[in-house]
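Subject: Structure for you to look at

Hi,

Here is the structure I said I would pass on. Have a look at it first, and then read my notes underneath.

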Amino acid sequence: MSKTIRYGAAALLLSLFTSCAIEPPLHLHQDIDVPLPIIDLELHTLWDYDLYYDGEYYDWQAHWLYGWDNEDVRRFGEIGYKEPNVFNIRRYYNGWHPEAQHSSVLRDQVEGTTFTGEYNFGFYDLLVYNEVEETDGAQNIHINETDLDATIAYTNQTMYSSPHHSPKYSNSVNQPEGLFSVYQREIEIPDPAEDYAAHGFHWNPARNRWVKTLHATLEPVVYLYLTQIILVNNHGRVAGVDGSADLSGMSHDVNLNTRVNGVDPVSVYYGVRMKDFKTYGLHYTGPATGDLITYVSDNPVEEFIDEPVDIIGGKVMTFGMCTVDPASFPSRSGYAESVKRIEELDPALHYVDVNIVFNNGISKVFSFDVTRQVQRLYKGGVLTIIVDVDKIYTTNNNGAGFDAEIVPMDSITFEPIPL
């Protein structure tokens, strides 16, 4: 949808891929069109890591055993990002001082990919983010625009407390919906006496106006993680889950102007489900250790071959790690350097917390350390935990059935085995 407002200035075109040659003549007193960037939502383009630093691209589906059936879709929604079609535009006018603090903002909302608005001569900063589409009957993301220099997206605390017992992560928040943004600074609308071609404008005879093309990419500020807890040697002892889980140590909010996440780590609440081998016939073949696996066992082995397993799985959306802009770190060339820098900047530990129910009715919260995995998958991906059920399950002394081992919380928080 395109809306046109007449005024006296030049034309400004915002596009991701379009570029045009500069042609005379000078032409004033036309409209300014601001089409939004094109969005590429192919999942593999968002999770494209060289995990082993040797040119191999990260294939999330090769790591994802749990699957995603119709019941998962019904409970938790589809896997992946949904392309938005309604956008909020914030045009901050800086006068003739391009680095000035924002003193005023023009707010617009458009449907589709084009926008025409009124501009004065001078400098603008331009923020674009999508209108949030609720996924569970309520919108979880809130936008705080009190400070014109910092547009903050955040989510509220859930009705559930975090199962992780650390005070640092006692706040459990709702997971955000899909959110995309782009921020362009110091966009100049020259004085009419200026040479528009010298300022990057080109003459568009079809539109009969001067047009400037800005190259920008609308990228996600919310990152999708798939979590799976693979239960080896279970034999029915873990009967299920209570449906709730947390991914802890993630940022509570993000600044849409800078794309840098906030400093406060929280637990992000999400739903999980268990698929048992008897019903689904799932088998696991692969290593027990590595950068992308947290392994829990008294007797670790190097590899599983066609091992029958039960799996607890789910998906969670987060703003990512605190104090960083994940999208600013390269995930192909320079990936190893990105991981090293992420480890230096990330202030929190990351746990998958899940309430496991045993076949005698006892339930217990287990916290699995996935810090290494989250730091390597800083734009989202599959978090895998392999648990030998013998490690978390013991028989009663009288031999009458099974019981969960009652131990202090610290002793059931497992570190990943280093390479």
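Let me start with a question: is Asp291 buried or exposed? Asp291 is buried, with a relative accessible area of 13%, which is under the 20% cut-off for that class. Keep that residue in mind, as it comes back under the salt bridges.

Before the details, a word on confidence. This is a predicted model, with a mean pLDDT of 77 for the protein chain and 74% of its residues at 70 or more. Two stretches need care. Residues 34–47 have pLDDT below 50, although the model gives this stretch 52 contacts beyond near neighbours in sequence. Residues 395–419 also stay under 50, and there the model has 54 contacts beyond four places in sequence. Where pLDDT is low, the predicted coordinates should not be read in detail, so I would not lean on those contacts.

Overall picture

The protein chain has 419 residues, and 55% of them are buried. Its secondary structure comes to six helices and 27 strands. Of the contacts with a separation of 6 or more, 75% are between residues 24 or more positions apart. The accessible surface is about 18500 Å², with 49% of that belonging to carbon and sulfur atoms.

Strands

One open sheet has five strands in the order S4-S3-S6-S10-S13, paired antiparallel. Strands S4 (105–111) and S13 (219–220) stand at its edges with a single partner strand each, so one side of each has no neighbour in the sheet. Inside that order, S6 (residues 122–130) and S10 (residues 180–189) are joined by seven bridges, and Phe123 has Glu188 in S10 as its bridge partner.

Another piece to look at is the hairpin formed by S7 and S8, with two residues between the strands. Five bridges hold S7 (residues 141–147) and S8 (residues 150–155) in an antiparallel pair, with Asn144 partnered by Ile152 in S8. S8 also pairs antiparallel with S16 (residues 253–255) through three bridges, and there Ala153 stands opposite Val254.

The core

Nonpolar side chains tend to be buried together in soluble globular proteins. Here the largest nonpolar core has 92 residues, and those touching the most other members are Leu179, Tyr225, Ile229, Leu247, Ile312 and Val354. S14 provides the largest share of this core, with eight residues. If you want one residue to centre your view on, try Leu247: leaving out residues up to four places away in sequence, its contacts include Tyr225, Val266, Tyr270, Val316, Tyr351, Val370 and Leu383.

Salt bridges

Searching the whole structure turns up 17 salt bridges. Arg376 takes part in two that I would look at together. With Asp291, the closest N and O atoms are 3.4 Å apart. Arg376 is in helix H6 (residues 371–376), while Asp291 is in the loop between S18 (283–287) and S19 (293–296), so this pair ties together parts 85 residues apart in sequence. With Glu343, the N to O distance is 3.2 Å. That pair links helix H6 to helix H5, the two residues being 33 apart. Arg376 itself counts as buried at 9% relative accessibility, whereas Glu343 is partly exposed at 36%.

A more local case is Arg74 with Glu71, a salt bridge at 2.6 Å, N to O. Both are in helix H3 (residues 70–76), three residues apart, or about one turn of the helix. Arg74 is exposed, with a relative accessible area of 60%, and Glu71 is partly exposed at 25%. There is also a salt-bridge network that links Asp69, Asp72, Arg273 and Lys275.

Backbone oddities

Which non-glycine residues have a positive phi? Asn233 is one, with a phi of about 60 degrees. Asn233 sits in the loop between S14 (223–232) and S15 (238–251) and is partly exposed at 22% relative accessibility. Thr323 is another, with a phi of about 70 degrees. Thr323 belongs to the loop between S21 (310–318) and helix H5 (335–345), and at 30% relative accessibility Thr323 is also partly exposed.

Cheers

Methods:
Residues are numbered from 1 along each chain as its sequence is written. This is a predicted model: local features need pLDDT of at least 70, side-chain atom pairs count only at pLDDT 80 or more; totals for chains, interfaces and linings use all residues. Side-chain values use heavy atoms; hydrogens and water are left out. Helices (H or I, at least four residues) and strands (E, at least two) are DSSP runs, numbered from the N terminus. Buried means under 20% relative accessible area, exposed over 50%, partly exposed in between (1.4 Å probe, protein chains only). Contact means heavy atoms within 4.5 Å. Accessible areas come from the Shrake-Rupley method with a 1.4 Å probe; for residues, only the protein chains shown count as cover. Two strands pair if DSSP finds at least two bridges between them. pLDDT is the predictor's confidence in each residue, from 0 to 100. A nonpolar core is a set of buried Ala, Val, Leu, Ile, Met, Phe, Trp, Tyr and Cys residues joined through side-chain atoms within 4.5 Å. A salt bridge is a side-chain nitrogen of Lys or Arg within 4 Å of a carboxyl oxygen of Asp or Glu.
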